[in-house]
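Trainee: I would like a close look at one part of this model, the parallel sheet and what surrounds it. Please take it piece by piece, and then place it beside a few other local features of the chain.

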Amino acid sequence: MFTAHTEEPNWGKAHRILMPAFGPLGVREMFAPMLDVAEQMLLRWERFGAGTVLDVPDQMTRLTLDTIALCAFDYRFNSFYQNEMHPFVDAMVDGLKEAGARTRRPGMANRMLLLSARRYEEDIRLMHGVADQLIAERRRDPAAGPKNDLLGRMLSARDPVTGETLSDENIRYQMVTFLIAGHETTSGLLSFALHLLLKNPRVLHAARARVDEVLGTDTPRLDHLASLRYVEQILMETLRLWPTAPGFAVHPHEDTVLGGRHAVTAQDTVMVFPPTLHRDPTVWGADAEAFRPERFDRDAEARLPPNAWKPFGNGQRACIGRPFAMQEAQLVLSMILQRFDLFEDDPSYTLKIKQALTIKPDGFRIRVRRREPTALKSRSAPPAAPRALPRPESSPLPARTEGPRTRLLVLYGSNTGSAQAFAQRIGNDAPARGYAVEVAPMDDHAGRLPTEGAVLVLTASYEGQPPDNARQFVAALEAAPAGAFAGVKYAVFGCGNRQWARTYQAIPLKVDGLLEAAGAHRITPRGEADASEDFFGAFDAWYATLWQELAAVLGTDSAGASAATPLQVEVVREGRSALLRQEDLGAGQLVENRELVDMAAPQARSKRHLEFDLPEGMTYRAGDYLAVLPRNPGVNVERAMRRFGFAPDTQVIVHKEGAHLTALPTGYPIAVSELLTSYVELGQPATRAQVETLAKATRCPPEKLPLEALAREESYRREVLDKRVSVLELLERFPACELSFAGFLEMLPPLKARQYSIASSPLWNPTRCALTVAVVDAPAYSGQGRYLGVTSNYLAALAPPARVSVAVRPSQPRFHPPEDPQVPLVLICAGTGIAPFRGFLQERALQAREGRRVGPALLFFGCDHPEADFLYREELEAWRLAGVVDVRPAFTLAPEGEVTFVQHRVWKDRADVAELFRRGATVYVCGDGRRMAPAVRETLVRIYAEATGATREEAERWALQVEREHGRFVADVFA
């Protein structure tokens with residue numbers, strides 16, 4: 001298949017004998033063994049349960065290898081009954097790798113690499129041995145006569161042209177070819193299809209709805225496949241984006257000119273790369289990168305030009321097994337959707353390609369959960385949607401044992417942890433009020449909400465999109481018809497930031513509205529917390545009446561319910577055992593930490609460049625974030641210990657009923673200094689409820705009265721919230737307050753990782769990334785000492801080779817350099833907002849160095865002074881000289897005419913911006929979300945209005961369309 005020339009007699013003879021086996025009738029006869037192997041895999045998934053992580057390419061390789069062996073040769077590898085793959089697979093992979101390497105090495109080098117040659121020969125010998133064994137067993141089988149599988153045809157059929165049969169040697173070669181090609185490509189297709197479905201919930205839900213309609217709870221039959229056209233369209237669209245055989249070669253029969261531009265001779269070989277062919281926007285449209293199976297409905301497919309879709313090769317050398325592969329993939333994918341909910345093991349997984357003979361997703365892992373029988377039988381209600389990250393079912397907390405307990409499901413959608421922290425607080429308090437509580441990500445219950453008890457949903461929005469662990473939940477709601485959630489009683493609380501005014505509370509609003517539209521009953525009006533205001537206080541206000549409102553709707557008794565289970569702290573006088581638990585973060589190593597600013601300049605503010613070696617296996621893209629788990633500044637930890645009379649090495653044990661719902665380490669000794677340094681936020685502004693608690697814990701009238709005054713709305717906002725006064729600062733200001741250390745810990749949110757835009761490209765170094773960090777060290781708004789940014793000061797004080805807990809987090813999907821480096825860029829930033837654009841430009845510079853053509857780029861950069869904080873000035877100048885970027889700075893402390901801020905420079909150079917946009921540029925913005933980003937957007941709207949004569953309203957509609965539909969204006973802003 002791969003090495004024989006078309007004119008070779010043996011190729012033609014085998015081709016003619018085998019083609020009928022892959023015709024419609026031949027493939028239909030293979031349905032039963034395909035179903036047999038698929039049942040083995042799915043039974044294994046079911047038996048191992050939802051807690052098992054499945055390596056998708058590995059599972060699909062086992063499936064497809066067993067399927068081709070059983071269908072073609074009536075042989076069982078039984079890959080799902082053993083941990084290790086059959087030795088044939090390792091021999092195949094190693095043999096193909098060495099075969100490819102040999103074509104790239106001189107002959108002398110191949111002859112000198114004796115060990116490689118020996119392994120190569122052993123791999124070939126093993127593969128041939130498997131084939132020879134199957135041939136010998138078939139020839140000895142007295143019942144082999146009726147078998148009309150591929151092996152039977154090869155042993156008995158005669159070539160209609162020559163009248164000859166195939167030799168055993170030729171049969172061996174054909175068998176090895178089928179075992180390789182018959183499983184590699186289909187396993188890749190199914191792996192990519194599952195990845196694309198999980199990243200595109202709309203398609204997943206549409207596919208499952210169709211599968212449920214056609215199959216219900218029935219075992220699939222051959223006649224079902226014709227009605228599962230949408231599943232076939234998914235596979236075709238998958239092959240468009242990721243054809244698993246990513247290239248084929250053709251050559252002209254005579255000298256010619258292609259497309260009137262490219263002269264080729266009869267001696268030339270032309271490589272065709274389907275992944276590029278399949279992304280031609282003139283054929284597939286401006287959204288060619290999008291996963292849209294509707295491109296292959298019957299009418300749309302008929303309109304495609306010839307040769308636009310070539311995933312199976314070309315001409316007479318195209319894959320003869322296409323019907324076999326598509327039938328197998330359609331059957332298996334339909335059965336998976338019928339029987340299981342699917343969840344990414346890591347919702348932040350970004351596709352990585354592993355290439356051998358074919359391409360497959362690398363490191364793609366999922367979990368599955370058997371669908372409920374009621375979900376399988378339903379053909380009118382929307383199907384259950386998968387969750388992004390399955391977790392063990394939460395056990396009800398036995399806080400109050402008298403009488404039956406009412407079910408309470410608390411769901412959260414959260415990328416940064418705020419909504420999750422609120423959900424855990426509710427879950428922590430619920431058992432004492434008589435509830436059997438489960439706290440889980442929203443995707444854990446996508447499409448399936450209980451009608452008994454109540455459902456509380458706490459979620460954030462990210463640029464108007466759902467959090468990573470809420471995507472499937474939202475998609476399921478969008479697909480739900482009226483009445484789908486009748487009987488469900490719910491409440492919604494949203495986390496957001498008004499600095500993102502256009503998308504503020506977008507997802508909480510959507511969830512609230514969709515649940516109501518689907519027939520659910522709202523228990524209490526939606527609550528919302530604004531991170532730019534009293535974030536925690538807003539939750540306290542909504543939460544204050546929640547239990548009473550739940551009791552009224554559910555008919556439970558909340559009056560006698562006790563308050564939340566109190567936290568207890570036991571002081572340990574001896575011993576030391578400090579344990580820091582980290583789950584999803586890895587240990588990165590700092591390799592560089594340098595100052596970027598001339599700190600001798602007036603009003604200089606420190607900004608540092610840091611580089612980290614990433615944990616093994618962690619990768620990133622230009623534009624992604626690096627999450628850093630910090631430690632609190634030592635001076636603040638010392639203040640807290642001093643306030644409560646602890647020495648740094650004092651040991652405590654934290655006791656908490658329902659300990660799995662708290663972020664604190666419980667049940668073992670830990671140093672107070674470690675507890676305060678590594679587990680809690682010390683600088684968070686106190687909420688109104690916390691100020692009231694402090695007042696209640698104070699008996700001394702001269703201090704009690706001022707605390708009570710601070711708890712009043714106007715005083716609180718002016719003196720506490722706006723000045724960011726923490727609980728610790730209030731305790732220092734009012735030493736007579738008798739709040740216990742346990743009460744203090746109860747008030748503190750868990751320490752969260754902070755995200756920084758990565759300031760490098762993986763083309764520079766795939767295992768190392770850079771950060772650009774502004775060090776926050778300024779007089780506190782409260783007037784008490786200085787305010788120290790937790791993570792920035794933590795990072796600034798580190799020296800190589802310090803180990804730091806880090807994790808790469810994906811940015812929004814569009815905040816990456818365009819796939820085509822020739823697309824023009826307009827980059828607008830201020831201060832450390834330059835970080836991601838350094839990565840963008842570094843990537844462009846490296847692409848240009850490799851000889852690729854790169855499009856023009858304009859960088860608008862706002863900073864204080866050219867001699868103080870013109871960050872990366874030398875690099876930018878080098879890239880300017882190389883033709884990679886044109887830098888347009890704006891200096892606040894050294895203005896040029898009317899140009900003081902970056903938006904002023906954008907307006908001044910608006911003709912250049914408009915010209916690049918006309919040429920297809922994408923505009924990226926990174927910086928302060930309160931002032932800078934809105935001002936830049938306003939300036940761009942003005943530029944459009946001036947250039948086109950549009951009204952303000954028309955220009956605003958254009959801007960929204962460019963942002964939401966075309967993705968040519970992308971912002972990544974921070975508070």
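Mentor: The model is predicted, and what follows describes it as such.

The part in question is an open sheet of five strands with parallel pairing, in the order β29-β28-β27-β30-β31. β29 (886–891) and β31 (969–974) are the edge strands; each has a single partner, so one side of each is left without a neighbour in the sheet. On average, neighbouring strands are turned by 10° against each other, direction ignored. As background, strands of a sheet pair through backbone hydrogen bonds, either parallel or antiparallel.

Take the pair at the β29 edge. Strand β28 (residues 857–863) runs parallel to β29 and is joined to it by six bridges. Within this pair, G862 stands opposite A890 of β29. Helix α33 (residues 910–918) packs on the sheet, where it touches β27 (825–830), β28, β29 and β30 (922–928). The direction of α33 makes about 140° with that of β28.

Next come two helices from the same stretch of sequence numbers. Helix α30 covers residues 835–849 and helix α31 residues 873–881; their axes come within 11 Å and cross at roughly 40°. That angle makes α30 oblique to α31. The crossing of α30 and α31 is left-handed. On the α30 side the contact consists of R838, L841, Q842 and A845, which meet E875, L876 and W879 in α31. By class, the residues of this contact divide into four nonpolar, one polar and two charged.

The loop between β28 and α31 holds Y872. Its phi is positive, about 60°, although Y872 is not a glycine. For context, most residues other than glycine have a negative phi, and most peptide bonds are trans. Y872 has a relative accessible area of 6%, which is under the 20% cut-off, so Y872 counts as buried.

On another side of the sequence, P818 lies in the loop between β26 and β27. P818 has 18% relative accessibility and therefore also falls under the 20% limit for a buried residue. Leaving aside residues up to four places away in sequence, P818 touches V823, L825, R844 and Y924. L825 is in the range of β27 and Y924 in that of β30, while R844 is in the range of α30. H904 is 86 residues from P818 along the chain, and the C-alpha atoms of the two are separated by 26 Å.

Further back along the chain, P800 and P801 are joined by a cis peptide bond, with omega about 5°. P801 is placed in the loop between α29 (790–796) and β26 (803–809).

Some features elsewhere can be set beside these. Q505, in the loop between β13 (489–496) and α19 (506–517), is another residue other than glycine with a positive phi, here near 60°. Q505 counts as buried at 2% relative accessibility.

Helix α22 (residues 634–644) has as its buried residues N636, V637, R639, A640, M641, R643 and F644. These pack against α23 (672–678), α27 (727–733) and α28 (741–747). G645 follows α22 and has a positive phi, near 75°.

Helix α1 (residues 9–18) is mostly covered, with seven of its 10 residues buried. The buried residues are W11, G12, K13, A14, H15, I17 and L18. Among the elements that cover them are α8 (150–156) and α9 (168–199).

For contrast with the parallel sheet, there is an open sheet of three strands in the order β1-β9-β6, and its pairing is antiparallel. Here β1 (54–55) and β6 (340–344) stand at the edges with a single partner strand each, so one side of each has no neighbour in the sheet. Five bridges join β6 to strand β9 (residues 365–370), and the two run antiparallel. The bridge partner of F340 in β9 is R370. Helix α15 (residues 322–339) packs on this sheet and touches β6 and β9. The direction of α15 makes about 95° with that of β6.

Note on methods:
Residues are numbered from 1 along each chain as its sequence is written. This is a predicted model: local features need pLDDT of at least 70, side-chain atom pairs count only at pLDDT 80 or more; totals for chains, interfaces and linings use all residues. Side-chain values use heavy atoms; hydrogens and water are left out. Two strands pair if DSSP finds at least two bridges between them. Helices (H or I, at least four residues) and strands (E, at least two) are DSSP runs, numbered from the N terminus. Axes are lines fitted to C-alpha atoms, for helices over the stretch in contact, and angles run from 0 to 180 degrees between N-to-C directions. Contact means heavy atoms within 4.5 Å. Angles under 35 degrees count as roughly parallel, over 145 as roughly antiparallel, 65 to 115 as roughly perpendicular and the rest as oblique. A crossing is left-handed if the near helix is turned anticlockwise from the far one by less than a right angle, and right-handed if clockwise. Ala, Val, Leu, Ile, Met, Phe, Trp, Tyr, Cys and Pro count as nonpolar, Asp, Glu, Lys and Arg as charged, and the others, Gly among them, as polar. Buried means under 20% relative accessible area, exposed over 50%, partly exposed in between (1.4 Å probe, protein chains only).
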